[in-house]
Amino acid sequence: MLKYIGKRLVAAVLSLVALITVVFFLVRLMPGEPFTSAKLTQQVADNMRHYYGFDKPLIVQYFQYIGNLLRGDFGYSMKYTNKTVNDIIGQTFPFSADLGIRALVLAISVGLILGILSALHRGKTIDFVCVLVAIIGTSMPDFIVGALLQYFFGIKWGLLPVARYLGFEYTILPSIGLAFYTLAQVSRIMRASMLEVVQQDYIKTARAKGLSDLRITARHQIRNAIMPVITVLGPTVAAVLTGTFVIESIFAIPGMGKYYVESVANNDYSMILGMTVFYGSFLILCNLIVDILYGVVDPRVRVGSR
Amino acid sequence: MSEREKILEIRNLVFSFRTYGGVVHAVRDVSFDVRKGEILGIVGESGCGKSVTAQCILRLNPEPPGFFENGEILYAGQDVLKMKKKELRNFRTREVGFVFQDPMTSLNPTMRIGAQIEEVFLSRTDVTKSEVKEKALNILRLVGISDVERRYRQYPHELSGGMKQRIMIAIALVSEPSVIICDEPTTSLDVTIEAQILDLLKELRERLGTSVIMITHDLGVIAKMCDRVVVMYGGKVVETGDIREIFYETAHPYTQGLLKSIARLDMDKTDVLTPIEGTPPDLFSPPEGCPFAARCDRAMAVCQRYMPFESRLSEEHMTRCWLQHELAKGI
Ligand SMILES: Nc1ncnc2c1ncn2[C@@H]1O[C@H](COP(=O)(O)OP(=O)(O)OP(=O)(O)O)[C@@H](O)[C@H]1O
Ligand code: SF4
Ligand SMILES: [Mg+2]
């Protein structure tokens, strides 16, 4: 198991390095550059370039950047010149993370429960409802779900606030909006997986042992059915993360999304790089956790690696 | 052998499945009994209802789509079909073990071997945790597994096919049931492993006195293992008898056909193997008369129209064939 984790860890670090390198050079290939505003005179722009080190060879800049990263320094924003990228991430990430975690917990827990109920009551009303939720959820984009939630719960029925992020009741609608797609996805996969596992021979073995229905469902069916859900958790986390951009803007939440999108439009190199590297490491970390989790849950994955 | 006490009696069992294509009459009026300490073979071609019959004993067929139309399954005077949920679970846990055909898929891949064996005792309050572990280790030794402490902690994927089937047998036997049902336990194993597993089952029968129901389509397995045989065809029992009667006083043309289709040691070079022509009847609408009529080279007009009666040829030997009717004698 330790060896398995070690391998995953090495792979994670390698992908992070690759990500940083690729993004670093890609950013420079984008049309335009940070200091092109008409208000800047040639002289000022040149000074700025010098200040940010753009007049040095690219490869030198690259190693400087890596060096700074290792010290945890993403550098100054080139647009909000009085702020470091670290400051901006520090101010906005807590909102995004809070929203993302709420949505993930909601999506996974409710998704699993719906999938399980649906499979256990196959063909009954509850199954029908769950399948419907899954179809709607997987076919409707985030911003429509968000807008519909705002319209009904916020405006029509006046139950919940529709904007900003000031307390628990403010988190409800955006979390649901962000979770909906993933929730539908998880429930769909779990339902299919439950129905497949129940056909397996070992379920018959469990019945022949005289185990209770509860025990068979929990220990034999759900425990094995959950595996495919864990494999899609990685992409799922990615989906939720990118979903935050859209949901944050619909619900006017002061998260990272706005800055990320703006930074690209502004050619704000250090912001683009910083945010991407930050998001990227976060995703890679999530995938690492999922991989380890998978090894814990499925003994076959660990085979030959201990 | 015939004096042995009956421990399980299956009487007039009729079991069908409701499917989209219609009702599958999988088991059609099957009766036989199982005696203490014997190995009873159930033999027949694929799809003749062997597994469904065996699973009826523990009510393992999915209900629905399956349903009992008739019959009783008596164990110690109690009808399994009338048992309440709790009683049925108890019956499965204590009285009858089941070994399935494919050991590769019959063990839970995410559970350790030890846990899968001990699970049998989960709802029992009469044994302590340490006793349960002791029982699990003992049964592993008994089914011929070495290094039991290590195996106990392993997962199924770490074991070979033959080893897994030993584990399945251990699970079936750990609560010391009086009957174990083995549904083609060696079909998916290679020949040397098959021989080992069959030897193991025989030896366990000797040591524990457990009755064994041995389901197979292989008469070689029957010859090697069984005391008595039930031959099934088209959801019906067509012949039963002790092993000698089935092999040397074969009464039913289907059994004769089966025998002709296997290689035997006492064969001359000139003897040829002849498979039975044709296919088993469609169980959606089984024929009114003898199920074998379409393939039987001795079929008479009556065979197509009427189901043959059971004819008793000796105390143990029974067959369902019009040839045994007194008017047909000598044909
Ligand atoms: N769950 C089910 N639903 C519908 N039909 C079924 C079901 N299980 C079995 N049957 C049908 O019942 C009949 C008897 O099947 P069974 O499995 O008992 O055959 P078998 O004698 O064990 O054959 P094999 O040697 O292939 O195992 C077959 O026609 C099969 O299609
Ligand atoms: S009853 Fe008729 S068809 Fe059936 S086995 Fe006997 S002879 Fe053949
Ligand atoms: Mg079968």
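**Notebook: helix 11, the A/B interface and a surface patch**

I looked first at the end of helix 11 of chain A, and just after that helix Asn267(A) takes a positive phi of about 60 degrees; helices here are DSSP runs of H or I with at least four residues, numbered from the N terminus. I note that this is a predicted model, in which local features need pLDDT of at least 70 and side-chain atom pairs count only at pLDDT 80 or more, while totals for chains, interfaces and linings use all residues. Residues are numbered from 1 along each chain as its sequence is written.

Within helix 11 (residues 257-266) I found Gly257(A), Tyr259(A), Tyr260(A) and Ser263(A) buried, that is, under 20% relative accessible area with a 1.4 Å probe, protein chains only. Their cover includes helix 4 (85-120), helix 10 (227-250) and helix 12 (269-297) of chain A.

I then turned to the interface, where 23 residues of chain A are in contact with 29 residues of chain B (heavy atoms within 4.5 Å). I looked up the salt bridges between chain A and chain B and found three, a salt bridge being a side-chain nitrogen of Lys or Arg within 4 Å of a carboxyl oxygen of Asp or Glu. On the chain A side, helix 8 (201-208) and helix 9 (213-225) each supply at least two of the residues that touch chain B. A salt bridge joins the side chains of Asp213(A) and Lys85(B), at 2.9 Å from N to O.

Last, I checked Phe128(A), which lies in helix 5 (residues 125-139) of chain A and is exposed (over 50%), with a relative accessible area of 57%.

Definitions and conventions: Chains are lettered from A and ligands numbered from 1 in the order in which they are written. Side-chain values use heavy atoms; hydrogens and water are left out.
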